[in-house]
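Take a moment to look over the sequence and the model together before reading on. The paragraphs below move from single residues to the chain as a whole and back again.

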Amino acid sequence: MNFKIFLTALFCCISHALFSSEGLHRLRVDGKQVPQGLHNTEPKFSWQIESDAFNVMQMAYRVIVSKDSVFSKNAIVWDSNKVPSSHTDVQYKGDSLVSNQTYYWKVMVWTTEAAIAPLEGQSNWTTGLFGHEQWKAKWITQQKEDNIARKIPYFRHVFDIRKKVKDARLYITSKGMYEPYLNGTRIGNDYFTPGWTVYDKRIQYQVYDIKELVNDSNVLSVTVGHGWFRSDLVWKEANDHYGHQLALKAQVMLTYEDGTTDIIPTGPDWEYGFGPIIDSEIYHGEIYDANRERDDWYGPSGRPEGLKKVLLDTTDNIPLVGTENNPVRKQERFQPKIIKTSDGKQVLDFGQNLVGWIECKLKGNKGDTVKIKHAEILDKNGRFYTENLRAAKQTNTYILNGSQDKIYHPHFTFQGFRYALVEGLEEINVNDFEAVALYSDMEQTGYFETSNPLVNQLQHNIVWGQKGNFIDVPTDCPQRDERLGWTGDAQVFFNTASYNMDVKSFFEKWLKDLALEQRADGAVPYIVPNLLDENAFASAGWADAATIIPWNHYVTYGDKDILSTQYPSMKKWVDYIRNRAQDHLWKDGFHFGDWLFYRPDDDNDGMAAVTNKYLIAQCFYARSVEILAKSAEILGYREDAIAYGELLEEVKEAFQKEYLTNNGMLVSDTQTAYVLALQFEMLPEDKISVTMDRLVANIEKYDMHLTTGFLGTPYLNPVLSRYGRTDIAIKLLLQDTYPSWLYPVKMGATTIWERWDGIKPDGSTQTPNMNSYNHYAYGAIGEWMYSTILGLKANEDHPGYTNFTVKPLFSDEFTRAKGSYMSPQGNIVVDWKRESNGLQMELKVPVNSKAELVLPYIQNHRYIINGKEATPKTGQKDETDLVFLELGSGTYNIESQKL
């Protein structure tokens, strides 16, 4: 029998620093830094504490909210007073907040290091419009014939200001995508606004501070494109999903120095015309005629010719909500090189498969037409390859006006590409072209690197798959005629996504739309927002995004509001399955199953890894029930917790009777079947060992290759590590022949592919009707890379990384792994390496956190932490023992030394 050795390293091994510096950082309101137009009437304030001292914990906090920045007595609307607590996120509980108001807040924090003089930090936010009656603006649209002709309207309004302005804000939204300008200057740096929501049930609005842009005389101009509202969407020609009328709703809200206010709203006095954007479709690209540009459009003097009166759009009264998600913004830029294809065409290669657009200077004569086409790869023969785009044209067309300095880029569309084919130019100058990545503006929270360059490229590909597909909603792919919010893809990738970036608000917004899209019977659609028919619902592993993502979100960020918000949706989904199950078995309906599992082209020997879809469904049924029971317990719904806990046992018992033999074999003898059964604890204790043996034997049968699809792949390596076979998991990770994670890397991929063999070993491509080269689902291996190779893992009993585990891999296959993660408590750093004389490691634990450090027992070695020996209290030692240490905040240098 093995014994764990417990080492004490909290106080006895670490000398307290004589001098330390502390401070408050990352002050946020509802997770956002100085948000404009926050719609929440009870926002949450959060902060992080930084200190170079050891074992620092927050002892108390005090939050004060005021209408002025000096926190005068009469302006204070809430004072929490001093609260003994370690919580670093606090909900507002003061007077009712007022719309269109700037509030200032400060936090004082007492820690074990700063127990007398507290740390202080200050920030602010601006509220949105809390009541429908506060919108004086009307929805305006173009005239009927122009909507039928699918024209792109340029709305315009002139207004004067005769007083000195104290504050000026623009509240704006649209049916379609909008771009606003004030006096010729683009307002804000957000793109594809107002974002994609369930438009027939809610539309977001944005708020911009425009004080620095207003003049005595002003013109507000807003262009509205089709966007997700009425573009061709889904994999067929289908537009106008939410309506055929593009519309705008906006109001400028002015506060003057004398205390008076004014509102300039959209209404019947607005006008519109047409400009250079002829068409702009998400899938197909943009047509832009520079000869239709109008110098008089943005200036208040004079009136452009051809303006029309707007119509009021009275077709509906859709609720407006403040922006919940991170806006899409311009990010990295890439310079191309010119390559020549085998058929003699000059193609721009940007070196990275990315999502965004190309900004370019196009030199030519007035009336010349230039087309820029986009592709992800070159084919086997080195030709520009667009077959996998299906019906999506991904082409931007520019009609030149002769200007040599004009910089072109599209407005209401985006492309997924690495390569660009430029037609219509006699000569291509690479210096005139630049690719711009666009994605939701999420902070990068994770960093991961190893001594293996192929694994590092895999991590790079995972991150860029996330960037390219997190454009306001988590899409499956960004290039072909699809680009939809597939629930299954998002579900399997969430944990990896949350390591890489701060996706807290990104998924909070999307999950609200998921709940809105649920049918009355609780069924969850395949995609969110849903554009498919009434039968495209309730596939196992896809619909379970309704339970799995909220739970993983809670574990990662420690905010149980996500559970309380989503609980009705979670319960409706579980009850849907329960109502359809017979004898606790879910055996009806359509299921995607283990999507895109290993299927050899010539499968005469039955090597295809086909897993029974109802076996898969039963596993996810159990997982959703388990999550619901846990969530009910956390939220205090005791009766639900008991009832669903009992249901869980019945669901597992039904699984064992239906799918498990007496010898521990599952009816589907596949990797995915065993992985899901083990991951979701569907098996009796006495069958776990033999089931693990069968899983390993299956991997060996396929010559150390994986055969899993979308649902099995995320759990494959975690299950192997959980049950003591990390050695097999490492071999799978480092396998570089098809099918494997590193095979696409060896083939030159810069993002994650949809298929294990998107490009086959002979250079030919997979079937073009479903073959994306930027499809993040298989990138779910990233979670295992962070949690097992680096060794950083969250603890669901202590969500939000207040307590977490660090268990480095120290595999012979890696000499080093280093990385970091910006947790809700602060930055965690892990950097380990193997050397000839033992192990070395640096670990940084943030304030208000504790880390359980798990180290291997090494014969005839001792561990030294910050220069002092850590000695076990008691315990028997052998080759399989593990050493456990509990560490408070601080930076630790750890090494093993030979005795």
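Is Met607 buried, partly exposed or exposed? In this predicted model, Met607 counts as partly exposed, because its relative accessibility is 27%, and the cut-offs place anything under 20% among the buried residues and anything over 50% among the exposed ones. The residue is found in the loop that runs between helix H7 (561-580) and helix H8 (613-635). Once its neighbours within four places in sequence are left aside, Met607 is in contact with Tyr598, Pro600 and Tyr702. A further distance helps to place this loop: Met607 and Gly636 are 29 residues apart along the chain, and their C-alpha atoms are separated by 48 Å.

From that loop we can turn to the chain as a whole. The secondary structure of the protein chain comes to 15 helices and 47 strands, and the C-alpha trace spans about 90 × 75 × 55 Å along its principal axes. For 899 residues, a compact globule would have a radius of gyration near 29 Å, and the protein chain, with 29 Å, agrees with that expectation. Of the 899 residues, 59% count as buried. The surface that the protein chain exposes is about 34,600 Å², and carbon and sulfur atoms supply 46% of it. The contacts also tell how the chain is folded upon itself: among those between residues at least 6 apart in sequence, 75% join residues at least 24 apart.

Asn218 gives a detailed view of a buried position. Its place is in strand E16 (residues 217-225), and Asn218 counts as buried because its relative accessibility is 0%. What does the side chain of Asn218 make a polar contact with? The partner is the side chain of Asn183, at 3.0 Å. Not counting residues up to four places away in sequence, Asn218 touches His157, Val158, Phe159, Asp160, Ile161, Leu182, Asn183, Leu213 and Pro300, so that Asn183 appears both as the polar partner and in the list of touching residues.

A second asparagine, Asn698, is found in helix H11 (residues 688-701). Asn698 is buried as well, since its relative accessible area is 4%. Here the polar partner belongs to the backbone, for the backbone oxygen of Asp669 lies 3.0 Å from a polar atom of the side chain of Asn698. Leaving out residues up to four places away in sequence, Asn698 touches Asp669, Thr670, Gln671 and Thr707.

Charged side chains add another kind of link. Side chains of opposite charge can pair when their charged atoms come close. How many salt bridges does the structure hold? There are 56, and one of them is formed by the side chains of Lys163 and Asp258, which meet at 3.2 Å, N to O. This pair links distant parts of the chain, with Lys163 in the loop between strand E11 (153-160) and strand E12 (165-175), and Asp258, 95 residues apart from it, in the loop between strand E17 (247-256) and strand E18 (261-265). Lys163 counts as partly exposed, because its relative accessibility is 41%.

Another salt bridge is formed by Arg329 and Asp441, whose closest N and O atoms are 3.1 Å apart. Arg329 lies in strand E25 (residues 328-334) and Asp441 in the loop between strand E34 (433-440) and strand E35 (446-450), so the pair ties together parts that are 112 residues apart in sequence. Arg329 is partly exposed, with a relative accessible area of 24%, and Asp441, at 31%, counts as partly exposed too.

In the salt bridge between Asp379 and Arg383, the closest N and O atoms are 3.1 Å apart. Asp379 counts as buried because its relative accessibility is 17%, whereas Arg383 is partly exposed, with a relative accessible area of 35%. Beyond such pairs, salt bridges that share partners join Lys44, Asp89, Lys504, Glu508, Asp559 and Asp561 into one network.

Cysteines complete the tour. The structure holds zero disulfides. Cys360 counts as buried, given its relative accessibility of 1%, and Cys477 is buried with a relative accessible area of 0%.

Technical notes. Residues numbered from 1 in each chain as written. Predicted model: local features only at pLDDT ≥ 70, side-chain atom pairs only at ≥ 80, totals over all residues. Heavy atoms only, no water. Helix = DSSP H or I, 4+ residues; strand = E, 2+ residues; numbered from the N terminus. Buried < 20%, exposed > 50% of the residue type's maximum accessible area, 1.4 Å probe, protein only. Polar contact = N/O pair within 3.5 Å; in protein donor to acceptor, adjacent residues only side chain to side chain. Contact = heavy atoms within 4.5 Å. Salt bridge = Lys/Arg side-chain N within 4 Å of Asp/Glu carboxyl O. Rg over C-alpha atoms; globule rule 2.2 N^0.38 Å. Areas by Shrake-Rupley, 256 points an atom, 1.4 Å probe, with all protein chains shown as cover. Disulfide = S-S within 2.5 Å.
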